[in-house]
Amino acid sequence: MKKEKFPKIVVPVGTRKKIAESLGVSYDTIRKALDGQITTVNHKKIRQLAIQLGGEVLSNAVHTDD
């Protein structure tokens, strides 16, 4: 079974702290959610809040060195 991976979201300085305080989640959970590595109950909430607070969704393109 292939695990779904979401596009990475980058956020302005201080945004992770705001997300942690607002949702009561750990920095590790936020990092994994923004990197698109996990899908938990809080995953969508974290990603939506990050975008509302100025986060940018990066392309889902895969870069390789040939």
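The axes of α1 (15-23) and α3 (43-52) come within 10 Å and cross at roughly 135°, the axes being lines fitted to C-alpha atoms, for helices over the stretch in contact, with angles from 0 to 180 degrees between N-to-C directions. That makes α1 oblique to α3, a class left after under 35 degrees (roughly parallel), over 145 (roughly antiparallel) and 65 to 115 (roughly perpendicular). This is a predicted model, in which local features need pLDDT of at least 70 and side-chain atom pairs count only at pLDDT 80 or more, while totals for chains, interfaces and linings use all residues. Residues are numbered from 1 along each chain as its sequence is written, and side-chain values use heavy atoms, with hydrogens and water left out.

**Helix contact**
- Ile 19, Ser 22 and Leu 23 of α1 meet Lys 45, Ile 46, Leu 49 and Ala 50 of α3, where contact means heavy atoms within 4.5 Å.

**Core**
- The largest nonpolar core (buried Ala, Val, Leu, Ile, Met, Phe, Trp, Tyr and Cys residues joined through side-chain atoms within 4.5 Å) has twelve residues, including Ile 9, Val 11 and Ile 38.
- At least two residues of this core come from each of α1, α2 (27-34) and α3.
- Beyond its neighbours within four places in sequence, Ile 19 touches Gly 24, Val 25, Ile 30, Ile 46, Leu 49, Ala 50 and Leu 53.

**Helix α2**
- Ile 30, Ala 33 and Leu 34 of α2 are buried, that is, under 20% relative accessible area with a 1.4 Å probe, protein chains only.
- Because these buried residues fall within an arc of 90° seen down the axis, they line one face of α2, the arc being that of directions from the helix axis to the C-beta atoms.
- They pack against β1 (9-10), α1 and α3.

Notes
Buried means under 20% relative accessible area, exposed over 50%, partly exposed in between (1.4 Å probe, protein chains only). Helices (H or I, at least four residues) and strands (E, at least two) are DSSP runs, numbered from the N terminus.
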